[in-house]
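Biologist: Got a minute to walk me through this one? I'd like the overall picture before we get into details.

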Amino acid sequence: MPDARVISHAARGWRLAAGLVVVTVAVAAQQVWQAERRSAALRDEVAGLSSRLADRRELIAHQRREMAQVASAVDHLARTTGALGERGAEARRLAHMEESRAETRALVNVAATLGGMSVMSEDAGRALEQLAWLDGQAAAASDSFAVLTVLVKDRGEEVSPGVPTLWPVRGLVTSPFGARTSPYGEGREMHPGIDISASYGSPVTAAGNGAVIFAGRDPGYGGLVIVDHGGRLDTLYGHLSALYVREGQSVRCGQAIGAVGATGRATGAHLHYEVRVNGAPVDPRRYLAK
């Protein structure tokens, strides 16, 4: 009988051990199955992220190609605008017009950041820099052509066969047309002509064909000759030491009409030369040939 009880207890122990093994195996299988599911889900998520990343990379590459095309177009436009600005400046110089005062923007550094990191591509930043520069160039060109349009219109009204293009005397321009400091210490003043330095007694010639409408003395101009060239355009020759023509006389371009002097309000021997349109003084160098 004791042997039977021992055998019975042993059998129950084996059954309990077998049950524990079965439960352990079942739990382990469940954990393996769940881990496999999580792994599969992670694999699917990684695959999705990889696909979206590939799409983003393709989009970025496409945008970079587009920005490169924009940058190339801006480069071409910048070259064209630069050439336009140079031609406008040259036209102003030839017309003896004042340089444009429109502000020309220099290339500026354009950058956008987020959290200390750049969010703008190099091509986009460069394109924006050039566009800022082009804005300034376009403003300057617009100003140049607006002024030149007025100049051409005015000249169209002023042109006559006697338009004064010849220098009345050769020499250094010591005082240009426009605002200046008075040589007599009287502050700022408007200088209505140009002063040309020349030797005392040098011949002064008519700048164009015309008729003498004044030849005589003036308190400020001294010896003075005024020639009417038609088209509301007159030339004045001041501070002359001698007069070779009389009122009413017709003169030809290049004909001697007087001699350089220092008469009137003059600080030394020179010719004061003016061009007037409808009685208003304009810069003589608008007409004088180079």
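## Around the pocket

Modeller: Sure, let's start with the lining of the largest pocket: by class, 7 of its residues are nonpolar, 10 are polar and 6 are charged. Keep in mind that this is a predicted model.

Biologist: How much space lies in the largest pocket?

Modeller: About 410 Å³. The lining has 23 residues, and the closest to the pocket's centre are R180, Y184, H191, H239 and R265.

Biologist: And which strands each supply at least two residues of the lining?

Modeller: That's β3 (173-175), β5 (188-191) and β14 (270-277).

Biologist: Let me zoom in on H239. Where is it found?

Modeller: H239 is in strand β10, which covers residues 233-240.

Biologist: Is H239 buried or exposed?

Modeller: H239 counts as buried, because its relative accessibility is 5% and the cut-off for buried is under 20%.

Biologist: Which residues does H239 touch, if we don't count those up to four places away in sequence?

Modeller: Quite a list, including G220, Y221, V260, T263, R265, H270 and H272. With T263 there's a polar detail too: a polar atom of the H239 side chain lies 2.6 Å from the backbone oxygen of T263.

Biologist: What about the phi of H239?

Modeller: The phi is positive, about 65 degrees, although H239 is not a glycine. For background, most residues other than glycine have a negative phi.

Biologist: Which other residue has a positive phi although it is not a glycine?

Modeller: N278 does, at about 55 degrees. N278 sits in the loop between β14 and β15 (280-282).

Biologist: Is N278 buried or exposed?

Modeller: N278 counts as exposed, because its relative accessibility is 57% and exposed means over 50%.

Biologist: OK, changing topic to strands. How do β4 and β5 pair up?

Modeller: Strand β4 (residues 178-181) and β5 run antiparallel, joined by 4 bridges. In that pairing, T181 stands opposite R188. The two strands form a hairpin with 6 residues between them. In the turn, G185 has a positive phi of about 70 degrees.

Biologist: You mentioned β3 and β14 at the pocket. Which strand is joined to β3 by 2 bridges?

Modeller: That would be β6 (residues 194-197), and the two run antiparallel. S175 stands opposite D195 there. β6 is also joined to β14, by 4 bridges and again antiparallel, with I194 and Y273 as bridge partners.

Biologist: Can we look at one residue of β3?

Modeller: Take V173, which lies in that strand. Leaving aside neighbours within four places in sequence, V173 is in contact with W167, I194, D195 and I196. The C-alpha atoms of V173 and H270 are separated by 9.5 Å, and these residues are 97 places apart along the chain.

Biologist: How accessible is V173?

Modeller: V173 counts as partly exposed, because its relative accessibility is 24%, and that class lies between the 20% and 50% cut-offs.

Biologist: Which strands form the open sheet, and in what order?

Modeller: The order is β7-β13-β11, with antiparallel pairing. β7 (203-205) and β11 (242-243) are the edge strands, each pairing on one side only. Between β7 and β13 (residues 256-259) there are 3 bridges, and V204 stands opposite G258.

Biologist: Let's move to the helices. How many are there in the chain?

Modeller: There are 2 helices, along with 15 strands. Helix α1 spans residues 2-94, and A73 is found in it. A73 is partly exposed, with a relative accessible area of 46%. The C-alpha atoms of A73 and A127 are separated by 9.2 Å, with their positions 54 residues apart along the chain.

Biologist: Last one, for the chain as a whole: what share of the residues is buried?

Modeller: Buried residues make up 31% of the 290 in the protein chain. And among contacts with a separation of 6 or more, 64% come from residues 24 or more positions apart.

Note on methods. Residues are numbered from 1 along each chain as its sequence is written. This is a predicted model: local features need pLDDT of at least 70, side-chain atom pairs count only at pLDDT 80 or more; totals for chains, interfaces and linings use all residues. Side-chain values use heavy atoms; hydrogens and water are left out. Buried means under 20% relative accessible area, exposed over 50%, partly exposed in between (1.4 Å probe, protein chains only). A polar contact is a pair of N or O atoms within 3.5 Å; within protein, one must be able to donate a hydrogen and the other to accept it, and residues adjacent in sequence count only if both atoms are side-chain atoms. Contact means heavy atoms within 4.5 Å. Two strands pair if DSSP finds at least two bridges between them. On a 1 Å grid over the protein atoms alone, a cavity is a set of points where a 1.4 Å probe fits but cannot get out, and a pocket is an open set with protein on both sides within 12 Å along at least five of seven lines; lining residues have an atom within 4 Å of a point. Grid points are joined across faces, edges and corners, and a volume is the space filled by probe spheres set on the points. Ala, Val, Leu, Ile, Met, Phe, Trp, Tyr, Cys and Pro count as nonpolar, Asp, Glu, Lys and Arg as charged, and the others, Gly among them, as polar.
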